[in-house]
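This report describes selected features of a protein model, from its pockets to its aromatic contacts and backbone details. The sequence and structure are shown first.

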Amino acid sequence: MFSELYKPFVFSPLISFKLFSLEFSLCFSICCFIQRLYADSHFLCLFVWLFVCCSVVEQCICHRIQEDDMVCEWMAYNSRNPKPLTMNTLEQFEHEVKAGHFSDALQTLTQFSNRIKAEEEEENLLDSYSTPAKGSQKRPLTTPEHPQSKRSAALLASPGLLLSPASFSANATPSQKYNQRGAKGEVVVTFGATQGTRWAGRKNPAAGVQVDFLEGPEDSLHCSYKFMFQRLRDVRNVLAEKIEDLGETVRSHFHIEEFASVSLPAQDSITVSGQICCDSNGKLNAQSVLLEAGPEHGGQQVAVDLSELKEYSLFPGQVVVMEGMNTTGEKLVASKIYEGVPLPFYSSDIKTEADEAAEPLNVLVACGPYTPSDSLTFDPLLDLISVITRDRPDVCLMLGPFVDSRHEQIEKGQVTETFEAIFSRCIESIVDGTRSVGCHLVFVPSQRDVHHPLIYPQPPFTLRVFILQRITLVPDPCTLLIDGVTFGLTSTDILFHMGAEEISKGSGSDRFSRILKHMLVQRSYYPLYPPAEEVNMDYEKFQSFAQIPLIPDVLIVPSELRYFIKVHFRLFFWNISLFFGGIKGPPPPPQDVLGCVCLNPGRLTKGQVGGTYGRLLLQRSAAPEGGQRRSPCLAAQVVKI
C-alpha cells in the first residue's frame, strides 16, 4: 500500500529517508515519540527503528490522521494490552483499531446509500400515482444543442398541468357532482343598470391599475409577527380604549354632558357607556345582557332590562351608549340606545374630471375553497381562470382558503405534497393562466389556509418565486385604494360569527344589513368579543391593523351564508326607477348600510357542487355641485361558476 502511494520510492530503509524529507514534521514527531518509548532500553537497533518509523508514517498517510492523533490511538491501545513497539504490534494495532474506524465509515456510507435508495423508491411510488403525460414527467435537460421545444414549454405553463389532480392525492378523482352541475354562468343577484352592460376590462390594459394600501404600506400589516404571548392586562387595555373612544365620539355627536357610573344608584335618568356582554358562557339573550363600563367609570358590570325598548340590535362586544334608570345600582332599565356615529368616506384632493371620461373598472371577486369537498382537484379554480381569460377583468380579488384546512383529505393527511407546495403550484397556475390577460391579482389569506399562520389579524402570504408588479399580497383584513375607489376586505366569516350571537327586536332591516351596519359603526372588521373559538385574536395587532379607518365604497365580506349585494337605497333609487319605468308610490323599505356597497360573493365551491363569484363595475366620478356623494359602483352581479 505504501509503495502504491509513493511509486517513485522503494520501500527500503534507505529510500524511506526521502519520505521523511517530505513529511518532516510528521516524521519528527513520531521519531520523538518512539525514542521516548525506547528510552529505557540499553540497546536500540537503528535498522529496526527505521522500519518502525516508516510503518507508523505509512499508517498516518493511509488513514489520513495527524501525528498527535496517532500517538493518542497507540497510547489507548497499549494501555489495554501493554506490548513493545515492534512491527508485529504495529500490524496488530492497525488491524484491530483502524479496522474499527473503517467499519464505522463503511457503516455511515451504507446508511447514506440506503437513504438515497429509499428516496428514489419514494419518488418512484409518487410517480406511479401520477397521471402520465406525453413523454417523461421529469424535467428535460435543456442545452444549446438540445433546446426546449415550444410544445414542451406550453405544456409546462399550462394551469391544468400544474394542477393535475393526481399530483396532490394518491386517490384523487374528479368530483362527479361538480362536473354534472347545472346553471353554469347564471346570474343569481343583480344590482344597478346591468342591461347592455359590457362585463369586460379596459381596452388598454397596459395603462395599469393602481392598487395601494389606504394607510400606506408602512402603517399596514406587511409581514409575519410573533404571537401566543398575550397578557390579559393588554387585552383589557385594548377593550377599555375602544369603549372610551367610541363612547366619546357618541357623547360629542349627540351633545351629551357626561356619562354616569353604571353601579351607583340614581333616582333620575342617567346616560352610561359601556360594552355589551353576557352574564354567562352561553348565548346572549334579552335576559342575560350586561353592560360593562370602562375604567374611567368604575369598570363594573350592571344588568340591563330591555323590556321598555321598542327596537334594538345587540351583540357581545358592542360599545353602546344607553339612557335609563338605575335606582338600585344593580339593574339599568334602558329607555334609549344611541347608535354609533358613522365615519366619513374617502375624499381625494386630486381633481377627478378626467376620471369621468375614463373607462369603468371591472373587478372580479372570488373566495375559496377552490376545490370540491370530495376531491382535491382544482377544477373550480381552472374554470375561474377560464372566466378571467374570457372577461378580462382589470382586477381580480382572490380570497382564501387556497389549501382548505377543513377539506377531508387535508384533515386525514391524504396528500402527496406539502401544503406549501400545493399552495405554490396553485398560485403559479393562477399567475400563468392570467398572464395573457394582464389583470392585477390581489391575494388575501384566510383563517382556513392550513399552510398559513392561524392568527387574526393575519399577515399576507409570502411568495418566494413571484415578484411581479401585477401581484399584491395583502393581510386579512385590509383597506385598499384601487384607482381612487376604497375597498374593505376580510376573508373571516364575520357574518356567520355575529349572526349566531346577535339579538334583535322590532328592527325593520334584515339581519345581514344590521350586522354590516354594526361593523361600520363600531369601526372594526371584527367587533365581536369574545371572538369565535376558531379565531385566534392578537389584540395588540387587532388595535393597529383590524380597524376600519373610514366607510369604504365597497365592502367585501364572504361568508358561508347566502350571497347578497346590500346597498343604500336612496343613493340608487334612479336604478330602481329605470327598471320599473318610473313608477310612482312609496318605495320599499330601504336596506341602509350607510352608503356602502356590501358584497358577499359566496364561495367558489359549496361542498361537492359549484358555488358563485362576484363582479363589480366601478367608475369614480367628481362630486356633484350640490355636494351629495355618488357611489362609484355602477353595477354588480353574483354569478354561478
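How much space lies in the second largest pocket? In this predicted model, the volume of the second largest pocket is about 700 Å³.

## The second largest pocket

The lining of the second largest pocket consists of 31 residues. Those that lie nearest its centre are Tyr312, Ser313, Glu339, Lys517 and His518. Several elements each supply at least two lining residues, namely helices α10 (232-253) and α16 and strands β6 (312-314), β7 (319-326) and β8 (331-338). Helix α16 provides the largest share of the lining, 6 residues.

Tyr312 and Ser313 also take part in contacts with a residue from another strand. Ser504 is located in strand β15 (residues 503-505) and, apart from neighbours within four places in sequence, is in contact with Tyr312, Ser313 and Arg514. The C-alpha atoms of Ser504 and Ser313 are 4.2 Å apart in space, although 191 residues separate the two in sequence. Ser504 has a relative accessibility of 35% and therefore counts as partly exposed.

## Overall architecture

The protein contains 18 helices and 22 strands. Of its 641 residues, 47% are buried. Its accessible surface comes to about 33,500 Å², and carbon and sulfur atoms account for 54% of that area.

Among contacts between residues at least 6 apart in sequence, 76% join residues at least 24 apart. One pair of residues that are distant in sequence is Ser307 and Ala334, which are 27 residues apart along the chain and 7.9 Å apart from C-alpha to C-alpha. Ser307 is found in the loop between β5 (301-305) and β6. With a relative accessibility of 52%, Ser307 counts as exposed, since the exposed class begins over 50%.

## Aromatic pairs

A search of the whole structure yields 11 aromatic pairs. One of them joins Phe423 and Phe461, whose ring centres are 4.6 Å apart and whose planes meet at 45 degrees, so the pair is classed as tilted. Stacked pairs have planes under 30 degrees apart and edge-to-face pairs over 60, with the rest counted as tilted. Phe423 belongs to helix α14 (residues 419-433), whereas Phe461 is in the loop between β11 (440-444) and β12 (471-473); the pair therefore ties together parts that are 38 residues apart in sequence. Phe423 is buried, with a relative accessible area of 4%, and Phe461 likewise counts as buried at 4% relative accessibility. Both residues belong to one aromatic cluster formed by Tyr370, Phe402, Phe423, Phe443 and Phe461.

What is the arrangement of the aromatic pair that Phe512 and Phe564 form? The pair is stacked, with 4.9 Å from centre to centre and 25 degrees between the planes. Phe512 lies in helix α16 (residues 511-522) and Phe564 in strand β17 (residues 564-566), so this pair ties together parts that are 52 residues apart in sequence. Phe512 counts as buried at 14% relative accessibility, and Phe564 counts as buried at 6%.

## Charges over rings

The ring of Phe564 has a further partner: the charged end of Lys566 sits over it, 5.7 Å from the ring centre. A second arrangement of this kind involves Arg181, whose charged end sits over the ring of Tyr178 at 4.0 Å from the centre.

## Backbone details

Cis peptide bonds occur before two prolines. The bond from Tyr456 to Pro457 is cis, with omega near 0 degrees, and Pro457 is placed in the loop between β11 and β12. That loop also holds Phe461 of the tilted pair. Another cis peptide bond joins Tyr529 and Pro530, with omega about 0 degrees; Pro530 lies in the loop between α16 and α17 (539-545).

Positive phi values are found in residues other than glycine. Ala183 has phi near 60 degrees and lies in the loop between α9 (176-179) and β1 (187-192). At 37% relative accessibility, Ala183 counts as partly exposed. Arg523 has a positive phi of about 60 degrees although it is not a glycine, and its place is in the loop between α16 and α17. Is Arg523 buried or exposed? At 18% relative accessibility, Arg523 counts as buried, because the limit for the buried class is under 20%.

Conventions
Residues numbered from 1 in each chain as written. Predicted model: local features only at pLDDT ≥ 70, side-chain atom pairs only at ≥ 80, totals over all residues. Heavy atoms only, no water. Phe/Tyr/Trp six-rings, centres within 6.5 Å; stacked < 30°, edge-to-face > 60°. Helix = DSSP H or I, 4+ residues; strand = E, 2+ residues; numbered from the N terminus. Buried < 20%, exposed > 50% of the residue type's maximum accessible area, 1.4 Å probe, protein only. Lys NZ or Arg CZ within 6 Å of the ring centre and 35° of its normal. Contact = heavy atoms within 4.5 Å. Areas by Shrake-Rupley, 256 points an atom, 1.4 Å probe, with all protein chains shown as cover. 1 Å grid on protein atoms, 1.4 Å probe; cavity = no way out; pocket = protein on both sides within 12 Å on 5 of 7 lines; lining within 4 Å. Points joined across faces, edges and corners; volume = space filled by probe spheres on them.
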